[in-house]
Amino acid sequence: MQDEKDFVKELIAPQTQEQAFKKLVELYQRPLYNHIRSIVLNHDDAHDVLQNTFIKVFRNINSFKGDSKIFSWIYRIATNESLTFLQQKAKKNNSSQSEYLSKEIDKMEADVYFEGSEIEMKLHRAIATLPEKQQLVFKMRYYEEIKYEDLAEILETSVGALKASYHLAVKKIEKFLDIN
């Protein structure tokens with residue numbers, strides 16, 4: 001934990017900020033892209049949201065209080081940026097968020113960056129039917145294997161609530177996929 005406190009000090013100090021921020025980008029660029037992509041689905045959109053996330057992190061690093069891990073704080077920003085982006089896209093397309101996501105799933109098959117099979121497409125469609133929180137919890141646990149304790153910090157909720165959301169999401173997905 002002391003290493004993280006030192007790293008945050010480097011991110012804040014003007015003389016070490018640039019180098020520390022480069023290190024932060026190196027550490028989090030790939031996992032954050034994957035996280036954002038799992039929410040917004042589109043490769044180009046994920047890159048845009050990733051850029052916005054790093055800009056927001058850079059601009060707000062001085063307000064990081066250290067109450068949570070920097071990992072959790074950055075993921076919370078990325079999650080919020082992704083959800084805001086989806087809301088704006090849906091509004092711009094005069095559709096609900098779920099309708100917008102459904103259209104994005106349809107486009108995924110033509111996406112050169114998506115290497116999924118038919119069952120993966122079906123899984124994406126099943127996930128898209130879930131309420132927003134269950135989608136987030138399922139994706140972060142199933143795809144990213146984020147621990148419940150870290151999820152609780154990122155999503156600002158209890159471990160028990162997350163476990164319940166994940167369990168409900170799995171049951172709904174199983175029903176959608178007609179498993180069991």
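Colleague: Where is the place of Leu-177, and does it count as buried or exposed?

Modeller: In this predicted model, the place of Leu-177 is in helix α9. Its relative accessibility is 14%, and the cut-off for buried is under 20%. Leu-177 in α9 therefore counts as buried.

Colleague: Which residues does Leu-177 touch, not counting those up to four places away in sequence?

Modeller: Leu-123 lies 54 residues from Leu-177 along the chain, yet their C-alpha atoms are separated by 7.4 Å. Leu-123 is one of the residues that Leu-177 touches. With sequence neighbours up to four places away left out, the list is Lys-122, Leu-123 and Ala-126.

Colleague: Let's look at the helices themselves. At what angle do α6 and α9 pack, and what word describes how they lie to each other?

Modeller: Helix α6 covers residues 118-128 and helix α9 covers residues 159-177, with their axes 9 Å apart. The angle between them is about 125 degrees. That value lies outside the range of 65 to 115 for roughly perpendicular and is not over 145, the mark for roughly antiparallel. The two helices are therefore oblique to each other, at about 125 degrees.

Colleague: Which residues of α9 make the contact with α6?

Modeller: α6 passes α9 in a right-handed crossing. On the α6 side the contact uses Lys-122, Leu-123, Arg-125, Ala-126 and Ile-127. By class, the contact has six nonpolar, no polar and two charged residues. From α9 come Ile-173, Phe-176 and Leu-177.

Colleague: What covers the buried residues of α6?

Modeller: The buried residues in α6 are Met-121, Leu-123, His-124, Ala-126, Ile-127 and Ala-128. Among them, Leu-123 and Ala-126 are touched by Leu-177. The cover over the buried residues includes α5, α7 (132-142) and α9.

Colleague: Since α7 came up, which residues are in contact with Lys-133, leaving aside neighbours within four places in sequence?

Modeller: Lys-133 lies in helix α7 and counts as partly exposed, at 36% relative accessibility. Thr-157 is 24 residues from Lys-133 in sequence, and the two are 11 Å apart from C-alpha to C-alpha. Leaving aside those neighbours, Lys-133 is in contact with Thr-157, Ala-161 and Ser-165.

Colleague: How many residues has α4, and how far does α4 reach from its first C-alpha to its last?

Modeller: At 1.5 Å a residue, the expected reach of α4 is 33 Å. The helix comes close to that value. α4 has 23 residues and reaches 33 Å.

Colleague: At roughly what angle do the axes of α4 and α8 cross?

Modeller: The axes of α4 and helix α8 (residues 148-155) come within 8 Å, and the crossing is right-handed. Phe-71, Ser-72, Tyr-75, Arg-76 and Thr-79 of α4 meet Asp-150, Glu-153, Ile-154 and Leu-155 of α8, a contact of four nonpolar, two polar and three charged residues. The two helices are oblique to each other, crossing at roughly 55 degrees.

Colleague: And how does α4 lie relative to α5?

Modeller: These two helices have axes 9 Å apart and pack at an angle of about 90 degrees. That makes α4 roughly perpendicular to α5. In the contact, Leu-83, Leu-86, Gln-87, Lys-89 and Ala-90 in α4 meet residues in α5. Those partners in α5 are Gln-97, Tyr-100 and Leu-101, and the arrangement is roughly perpendicular.

Colleague: In the loop between α4 and α5, is Ser-95 buried or exposed, and is Asn-94 buried or exposed?

Modeller: Ser-95 has a relative accessible area of 14%, and contacts Ala-90 and Tyr-100, leaving aside neighbours within four places in sequence. Asn-94 is found in the loop between α4 and α5, with 73% relative accessibility. Ser-95 is therefore buried, whereas Asn-94 counts as exposed.

Colleague: What is the phi of Asn-94, and what is the phi of Leu-41?

Modeller: Most residues other than glycine have a negative phi. Asn-94 has a positive phi although it is not a glycine, and Leu-41 likewise takes a positive value. Leu-41 sits in the loop between α2 (17-40) and α3 (43-60) and is buried, with a relative accessible area of 4%. The phi of Asn-94 is about 50 degrees, and that of Leu-41 is near 75 degrees.

Terms used. Residues numbered from 1 in each chain as written. Predicted model: local features only at pLDDT ≥ 70, side-chain atom pairs only at ≥ 80, totals over all residues. Heavy atoms only, no water. Axes fitted to C-alpha atoms, helices over the stretch in contact; angles between N-to-C directions. Helix = DSSP H or I, 4+ residues; strand = E, 2+ residues; numbered from the N terminus. Parallel < 35°, antiparallel > 145°, perpendicular 65-115°, else oblique. Left-handed = near helix turned anticlockwise from the far one by under 90°. Contact = heavy atoms within 4.5 Å. Nonpolar A, V, L, I, M, F, W, Y, C, P; charged D, E, K, R; others polar. Buried < 20%, exposed > 50% of the residue type's maximum accessible area, 1.4 Å probe, protein only. Expected span 1.5 Å × (residues − 1).
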